[in-house]
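Colleague: I am new to this one, so could you walk me through it and show me the reasoning behind each label?

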Amino acid sequence: MTRPADPAGNPVRVLIADDQALLRGSLRVLVDAEPGLVATAEAATGTEAVRLARQDPPDVVLMDVRMPGMDGIEATRQICGCPETADVKVLILTMFDLDEYVYAALRAGASGFLLKDTPPGELLAAVRVIAAGDALLAPAVTRRLITEFARRPAPSRPLRGVLDGVTEREREVLTLIACGLSNTEIAERLYLGIATVKTHVSHLLTKLGARDRAQLVIVAYESGLVTAGPA
């Protein structure tokens, strides 16, 4: 399994996957010019991205959605679902700001979703956020994800037992996460300290086997804990 990014010394290792050679080259120059980051390889297809990730696991994959053959969503699913690369974080890059891509990418295990017109500084910051183990789930993305669930019919057979072992307070926190609230907003809503909220979030990630906050949103809806409608 890949080693975690080490802010004290080892650079964050980045695999770039995009079918456009010019964009791959530009991203590589951008990443290599940033202290503490290094581009380890380039992939032109989803299949190649999966192979390279297993061959030399990076810390973060910058993954395009639309690539010939295997697309970025399926490549993300295979990378995040394989024990050998389960620790690899995937940041989806796309020109298409579409709800189905957001949902599919996060459902596949991606830790973040950015448009290709994102300013370079924000992209580099996103790589660091992802490498540190946090989800890049901006409020706008959270709202789109919730909107996507609102358009879908409620699950006829919610996941049974998935919340067994989750305390009542943790369910309250999970519900608010699914409504798009930040840790600070949750702390204010429940009259808790921010450190306490972070502890609850950490427990939820462990108990539910979730990679990050995005996965918690999905679990909240698919378990039936939260249904589409006004927060």
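Modeller: Happy to! This is a predicted model, and a good place to begin is the pair Asp64 and Lys116, whose side chains are joined by a polar contact of 3.1 Å.

Colleague: Why is the link between Asp64 and Lys116 called a polar contact?

Modeller: The cut-off for a pair of N or O atoms is 3.5 Å. The side chains of Asp64 and Lys116 come to 3.1 Å, so the pair falls within that limit.

Colleague: What makes Asp64 buried?

Modeller: Its relative accessible area is 4%. Buried means under 20%, so Asp64 qualifies. Asp64 is found in strand β3, and beyond its sequence neighbours up to four places away it touches Ala17, Asp18, Asp19, Gly72, Leu93, Thr94 and Lys116.

Colleague: Which feature does UniProt place at Asp64?

Modeller: The unreviewed UniProt entry gives "modified residue: 4-aspartylphosphate" at Asp64. Such an annotation may be inferred rather than shown by experiment.

Colleague: Lys116 has another partner, I think. How do you know that Asp18 and Lys116 form a salt bridge?

Modeller: The closest N and O atoms of Asp18 and Lys116 are 2.8 Å apart. A salt bridge needs a Lys or Arg side-chain nitrogen within 4 Å of a carboxyl oxygen of Asp or Glu, so this pair meets the rule. Asp18 sits in the loop between β1 and α1, and Lys116 in the loop between β5 and α5, so the bridge ties together parts that are 98 residues apart in sequence.

Colleague: Are Asp18 and Lys116 buried or exposed?

Modeller: Asp18 has a relative accessible area of 2%, which means it is buried, being under 20%. Lys116, at 26%, is partly exposed, because that value lies between 20% and 50%.

Colleague: How many salt bridges does a search of the whole structure find?

Modeller: The search finds 11. One of them joins the side chains of Glu74 and Arg77, at 2.7 Å from N to O. Both residues lie in helix α3, three residues apart, about one turn of the helix.

Colleague: Why are Glu74 and Arg77 called partly exposed?

Modeller: Glu74 has a relative accessible area of 28% and Arg77 has 39%. Partly exposed covers the range between under 20% and over 50%, so both residues belong there.

Colleague: What makes Glu172 and Arg169 a salt bridge?

Modeller: Their closest N and O atoms are 2.7 Å apart, within the 4 Å limit. Being three residues apart in helix α7, Glu172 and Arg169 are separated by about one helical turn. Glu172 is partly exposed at 31%, and Arg169 is partly exposed at 32%. Elsewhere, salt bridges that share partners join Arg24, Arg28, Asp32 and Glu42 into one network.

Colleague: Let us turn to the nonpolar side. Which residues touch the most other members of the largest nonpolar core?

Modeller: Val61, Met63, Ile79, Val90 and Ile92 do, in a core of 25 residues. β1, β2, α2, β3, α3, β4 and α4 each supply at least two residues of this core. Apart from it lies another core, of 22 residues, including Leu174, Ala178, Ile186 and Val217.

Colleague: What does Ile79 contact, leaving aside neighbours within four places in sequence?

Modeller: Ile79 is in contact with Ala49, Val50, Ala53, Val61, Met63, Thr85, Ala86, Val88 and Val90.

Colleague: Why might nonpolar side chains be found together like this?

Modeller: In soluble globular proteins, nonpolar side chains tend to be buried together.

Colleague: How do you know that Asn183 is buried?

Modeller: At 18%, the relative accessible area of Asn183 is under the 20% cut-off, so it counts as buried. Asn183 is in helix α8, and its contacts more than four places away in sequence are Ile194, Val197, Lys198, Val201 and Arg213.

Colleague: And what makes Ile218 buried?

Modeller: Ile218 has 2% relative accessibility, under 20%, so the label is buried. Ile218 belongs to helix α10. From C-alpha to C-alpha, Ile218 and Tyr103 are 8.8 Å apart in space, with their positions 115 residues apart in sequence.

How values were computed
Residues are numbered from 1 along each chain as its sequence is written. This is a predicted model: local features need pLDDT of at least 70, side-chain atom pairs count only at pLDDT 80 or more; totals for chains, interfaces and linings use all residues. Side-chain values use heavy atoms; hydrogens and water are left out. A nonpolar core is a set of buried Ala, Val, Leu, Ile, Met, Phe, Trp, Tyr and Cys residues joined through side-chain atoms within 4.5 Å. Buried means under 20% relative accessible area, exposed over 50%, partly exposed in between (1.4 Å probe, protein chains only). Contact means heavy atoms within 4.5 Å. A polar contact is a pair of N or O atoms within 3.5 Å; within protein, one must be able to donate a hydrogen and the other to accept it, and residues adjacent in sequence count only if both atoms are side-chain atoms.
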